[in-house]
Amino acid sequence: MNEIERLRQIIRDSDRIVFFGGAGVSTESNIPDFRSQDGLYNQKNQYPWPPEVMLSRSFFDSHPREFYQFYFDRMIALDAVPNPAHKALAQLEQEGKLSAVITQNIDGLHQKAGSVNVLELHGSVLRNYCMECGKFYGLEDVLKLRDKDGIPRCELDQSVIKPDVVLYEEGLDQTVLAKAIHEISHCDTLIVGGTSLVVYPAAGLLQYFRGRHLVLINRDATPYDDRADLVIRDSIGKALSEAVAS
């Protein structure tokens, strides 16, 4: 039995699957990750600060113009569309097999593909809010509300609009985190894909898994490979789409 047939069998025998995904899910939609060879941290940087500084809360507060320059240049992918991994997961949810998608990505592609129960650990670029009055804005609104310095400002009080994403120096949303822990601790199969499992606290979620099958789909090795029932070193879109194909 090859790896895809084994994954197909695990999915068939499971009643409550949770998918936990990282940046590798989005790279197949041509959205760069952070830490790989071609990732954001290793690209030539035209800015005088490293990306991890520019994506921090203190930098956002002190340098909003430069933050938004970098953010709109590097973090927004307006043309990105769901890839086969997103579509396969949406299909599994529609079939009643998958109970939740837990993602570290902020691009909203899981929802665009049709997934409903998506827990976004790091927020979403599609949601933005005024830091003064709390009014929420979509991404298209924010793009239209930029002032002469490129800073989006609330149409009600002209205060700075902040993306609803978790920046460095900020904590994860505790409600979302609690839901993720609940889903992982109650599933019978956990499929982990497109993540190196080295970034905490997200990687620590695997300690809550008590189910039968742990499946890892990632091009590179992870610290959890020796604990998994199945490890697939291939494209996550290819593996999932082939496994769920009828």
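1. Let's start with the second largest pocket, which holds about 230 Å³ of space. A pocket here is an open set of points on a 1 Å grid over the protein atoms alone, with protein on both sides within 12 Å along at least five of seven lines. Its volume is the space filled by probe spheres set on the points, with grid points joined across faces, edges and corners. Keep in mind that this is a predicted model, where local features need pLDDT of at least 70, side-chain atom pairs count only at pLDDT 80 or more, and totals for chains, interfaces and linings use all residues. Residues are numbered from 1 along each chain as its sequence is written, and side-chain values use heavy atoms, with hydrogens and water left out.

2. Who lines that pocket? The second largest pocket has 15 lining residues (an atom within 4 Å of a point). Gly-123, Arg-127, Asp-164, Val-166 and Asp-173 are the ones nearest its centre. By class, the lining has seven nonpolar, two polar and six charged residues. Here Ala, Val, Leu, Ile, Met, Phe, Trp, Tyr, Cys and Pro count as nonpolar, Asp, Glu, Lys and Arg as charged, and the others, Gly among them, as polar. Strands β3 (118-120), β4 and β6 each give at least two residues to this lining; strands are DSSP runs of E, at least two residues, and helices are runs of H or I, at least four, numbered from the N terminus.

3. Two of those strands, β4 and β6, sit in an open sheet of three with the order β5-β4-β6 and antiparallel pairing. Its edge strands are β5 (136-137) and β6 (161-165), each paired on one side only. Strands pair if DSSP finds at least two bridges between them, and β4 (residues 123-130) has two bridges to β5. Asn-128 has Tyr-137 in β5 as its bridge partner.

4. Now find helix α5 (residues 64-75), which lies across β4 and β6 at about 45 degrees to β6. Angles run from 0 to 180 degrees between N-to-C directions, using lines fitted to C-alpha atoms, for helices over the stretch in contact. Among the buried residues of α5 (under 20% relative accessible area, 1.4 Å probe, protein chains only) are Phe-67, Phe-70 and Tyr-71. Their cover includes α3 (51-54), α4 (57-62), β4, α8 (139-144) and β6.

5. The other sheet to look at is open too: six strands, parallel, in the order β3-β2-β1-β7-β8-β9. β3 and β9 (230-232) stand at the edges with a single partner strand each, so one side of each has no neighbour in the sheet. The twist averages 15 degrees from one strand to the next. Three bridges join β2 (residues 98-103) to β3, and Ile-102 stands opposite Leu-119.

6. Is β8 buried or exposed? Five of its five residues are buried, so β8 is largely enclosed by the rest of the structure. His-213, Val-215 and Ile-217 are on one side, with Leu-214 and Leu-216 on the other. Leu-216 is the bridge partner of Val-192 and also of Val-231 in β9. Helix α10 (residues 236-244) lies across β1 (17-21), β7 (189-193), β8 (213-217) and β9, at about 135 degrees to β8.

7. Last, Arg-8 in helix α1 (residues 3-12). Arg-8 counts as partly exposed (from 20% to 50%) because its relative accessibility is 29%. Arg-8 touches (heavy atoms within 4.5 Å) Glu-242, Ala-243 and Ala-245, not counting residues up to four places away in sequence. The C-alpha atoms of Arg-8 and Leu-240 are 8.8 Å apart, though 232 residues separate them along the chain.

Conventions
1 Å grid on protein atoms, 1.4 Å probe; cavity = no way out; pocket = protein on both sides within 12 Å on 5 of 7 lines; lining within 4 Å.
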